[in-house]
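Please open the structure in your viewer and keep the selection panel at hand. The tour proceeds by selecting a few residues at a time, then the chain as a whole.

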Amino acid sequence: MVPTTCTDSSQPAQGKFISFEGTEGVGKTTLIAGVAKILIEKGIDFIQTREPGGSPFAETLRGLLLDPAVTMTDDSELLLMFSARSDHVATVILPALAQGKWVLCDRFIDSTLAYQGFGRASGDEQVLAKIQILIDNFVPKLPDTTIWLDLPISEGMQRAKNRGTLDRFEQEQIAFFERVYQGFEYCHRQQPKRIQRINASGDMAGVLQKVLTVLDI
Ligand code: T5A
């Protein structure tokens with residue numbers, strides 16, 4: 001997916017970078033569509049994008065990263081995530097923010113800490129330090145706000161399964177996703193101001209309302 005754009009003449013002076021995070025099937029994509037609808041109603045310019053992916057090059061890497069038929073080492077996976085991210089940030093996110101647009105991004109750095117740092121490496125301090133070095137050197141802009149959709153793993157997996165084919169990550173065992181969940185808890189503890197924890201159980205309208213309140217729109 002290359003980002004979709006909504007343009008309007010009444011641009012805000014400063015773009016806002018908002019990322020949406022969580023374990024599998026928590027409703028990020030559905031929720032982002034809801035936020036996008038409100039931004040259109042309010043005449044706020046934005047782009048909607050995702051990781052891994054969001055630029056033509058990064059989308060190619062996404063194909064590899066999610067392909068259940070592809071095997072790779074944990075380090076290769078980590079570096080591919082950052083290769084994709086570097087291109088996405090430079091060619092899509094930063095230009096949009098510079099034009100005063102909001103950026104709604106489905107997953108960003110916290111997914112790397114949660115999936116590669118905890119899912120793959122159980123929170124190993126050396127791996128977390130490696131990821132932090134990559135963030136410090138290759139991510140010039142962190143999200144202004146991160147929405148962490150907090151949902152029991154079993155509920156999210158059930159939602160994801162109902163959609164059909166499972167990608168390379170979705171085929172992992174439940175213990176992997178329990179570690180990923182601990183990873184998001186870790187990220188939240190580290191940056192409680194940036195990362196807003198939202199209870200994602202319940203109907204979509206209720207979850208959307210909570211997010212709109214946090215984003216003040
Ligand atoms: N990854 C990513 C890493 O390992 N490291 C990284 O650095 C990055 C960036 C791809 C994978 O890449 C990994 C993590 C991922 O495994 P992805 O495409 O975002 O990332 O994959 P998923 O998280 O699997 O995305 P999903 O599309 O499965 O989940 P969403 O977007 O959270 O959920 P959504 O909106 O598609 O909803 C899932 C289903 O639930 C329903 C929807 O209609 C849909 O059918 N639903 C609800 N049902 C009931 N109540 C609600 N409130 C609902 N909200 C949605």
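**Salt bridges and the overall fold**

Select Arg120 and Glu77: their side chains form a salt bridge, with the closest N and O atoms 2.9 Å apart. Because Arg120 lies in helix H4 and Glu77 in helix H3 (residues 74-98), the pair ties together parts that are 43 residues apart in sequence. The model shown is predicted. Glu77 counts as buried, at 1% relative accessibility.

Next, select Asp144 and Lys141, which also form a salt bridge, the closest N and O atoms being 2.9 Å apart. Are these two residues buried or partly exposed? Asp144 counts as partly exposed at 36% relative accessibility, and Lys141 counts as partly exposed at 27%.

Add Asp74, Arg168 and Glu172 to Glu77 and Arg120; salt bridges that share partners join these residues into one network.

Now select Glu24 and Arg107, whose side chains meet in a salt bridge (3.9 Å, N to O). Glu24 sits in the loop between strand E2 (17-21) and helix H1 (28-42), and Arg107 in the loop between strand E4 (102-106) and helix H4 (109-120), 83 residues apart. Both Glu24 and Arg107 are buried. The whole structure contains 14 salt bridges.

Finally, display the entire protein chain as a cartoon, where 8 helices and 6 strands appear. The radius of gyration is 16 Å, close to the 17 Å that the globule rule gives for 217 residues, so the chain is as compact as a globular protein of that length. Buried residues make up 52% of the 217 residues.

Conventions: Residues are numbered from 1 along each chain as its sequence is written. This is a predicted model: local features need pLDDT of at least 70, side-chain atom pairs count only at pLDDT 80 or more; totals for chains, interfaces and linings use all residues. Side-chain values use heavy atoms; hydrogens and water are left out. Helices (H or I, at least four residues) and strands (E, at least two) are DSSP runs, numbered from the N terminus. The radius of gyration is taken over C-alpha atoms; the globule rule is 2.2 Å times the number of residues to the power 0.38. Buried means under 20% relative accessible area, exposed over 50%, partly exposed in between (1.4 Å probe, protein chains only). A salt bridge is a side-chain nitrogen of Lys or Arg within 4 Å of a carboxyl oxygen of Asp or Glu.
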